[in-house]
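Visitor: I'd like a close look at just one part of this protein, with the reasoning spelled out. Could you pick a stretch and stay with it, then place it in the rest of the chain?

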Amino acid sequence: MGISSQWFSAREPYPINSPAWYLSVSFFVYILFAVLCRTVKNDILRRTIYFALSIIGYILIVKNISFPFLNIDMGRGISCFFIGGMSY
């Protein structure tokens, strides 16, 4: 998560190493997914959490929210990842 320099800044243009941003978002989402799979045993509850995270990610995108750790790019990563998880 610390490999990207864009975590704590407001919406600025990407730095030169934009692949680092993609990797850090993917890392965060995969860790979140692993924690959910290990801790939530009820399948219906797990799918409900996936849906809620997808909606939160969509809200981050649509409302153009830009907080540290919660911004448009994180919203894209969360919403797309968990929508894919629900469709599987």
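Guide: What follows is a walk along one helix, then out to its surroundings.

Keep in mind that this is a predicted model. The protein chain has three helices and zero strands, and from the N terminus on its elements run α-α-α. Of the 88 residues in the protein chain, 31% are buried. The part I'd pick is helix α2, which covers residues 43–62.

Let's start with its charged side chains. Side chains of opposite charge can pair when their charged atoms come close. D43 is a good place to look, since its side chain meets that of R46 in a salt bridge, with 3.8 Å from N to O. D43 also meets R47 in a salt bridge, and there the N to O distance is 3.2 Å. For reference, the cut-off for counting such a pair is a nitrogen within 4 Å of a carboxyl oxygen. Put together, D43, R46 and R47 are linked in a network of salt bridges.

How does the spacing along the helix fit in? R46 and D43 are three residues apart in helix α2, so they are separated by about one helical turn. D43 and R47 are four residues apart in helix α2, and that too is about one turn of the helix.

Now, which members of this little network are buried, and which are partly exposed? Buried means under 20% relative accessible area, while partly exposed runs from there up to 50%. R46 has a relative accessible area of 18%, so R46 is buried. D43 comes out at 38% relative accessibility and therefore counts as partly exposed. R47, at 42%, is also partly exposed.

Move along α2 and you come to F51, whose place is in this helix too. You might ask whether to call F51 buried or partly exposed; at 46% relative accessibility it counts as partly exposed. The C-alpha atom of F51 is separated by 7.2 Å from that of I83, although the two residues are 32 apart along the chain.

That brings in the partner helix. Two packed helices are described by the angle between their axes and the distance between the axes. Helix α3 covers residues 72–87, and its axis comes within 7 Å of the axis of α2, with a crossing angle of roughly 150 degrees. Angles over 145 degrees count as roughly antiparallel, so α2 is roughly antiparallel to α3. As for handedness, α2 passes α3 in a left-handed crossing.

There's another pair of residues to look at across sequence distance. G75 lies in helix α3, and its C-alpha is 9.0 Å from that of L53, with their positions 22 residues apart in sequence. G75 has a relative accessible area of 0%, so G75 is buried.

Helix α3 has a charged pair of its own. The side chains of R76 and D73 meet in a salt bridge at 3.7 Å, N to O. Both residues lie in helix α3, three residues apart, about one turn of the helix. D73 is buried because its relative accessible area is 5%, whereas R76, at 46%, is partly exposed. With this pair included, the count comes to three salt bridges.

What sits in the loop between α2 and α3? One residue to check there is N64. Its phi is near 55 degrees, a positive value in a residue other than glycine.

Finally, a quick stop at the remaining helix. Helix α1 covers residues 18–39, and F27 is found there. F27 has a relative accessible area of 47%, so F27 is partly exposed. With I31 and V35, F27 forms a nonpolar patch on the surface, and together the three have about 280 Å² of accessible area.

So, back to the part you asked about: helix α2 holds D43 and R47, one turn apart, along with F51. Those two charged residues are linked with R46 in the salt-bridge network, and the helix passes α3 in a left-handed crossing.

Conventions. Residues numbered from 1 in each chain as written. Predicted model: local features only at pLDDT ≥ 70, side-chain atom pairs only at ≥ 80, totals over all residues. Heavy atoms only, no water. Patch = residues over 30% accessible without salt bridge, like charges linked within 9 Å, V, L, I, M, F, W, Y side chains within 5 Å. Areas by Shrake-Rupley, 256 points an atom, 1.4 Å probe, with all protein chains shown as cover. Buried < 20%, exposed > 50% of the residue type's maximum accessible area, 1.4 Å probe, protein only. Axes fitted to C-alpha atoms, helices over the stretch in contact; angles between N-to-C directions. Parallel < 35°, antiparallel > 145°, perpendicular 65-115°, else oblique. Left-handed = near helix turned anticlockwise from the far one by under 90°.
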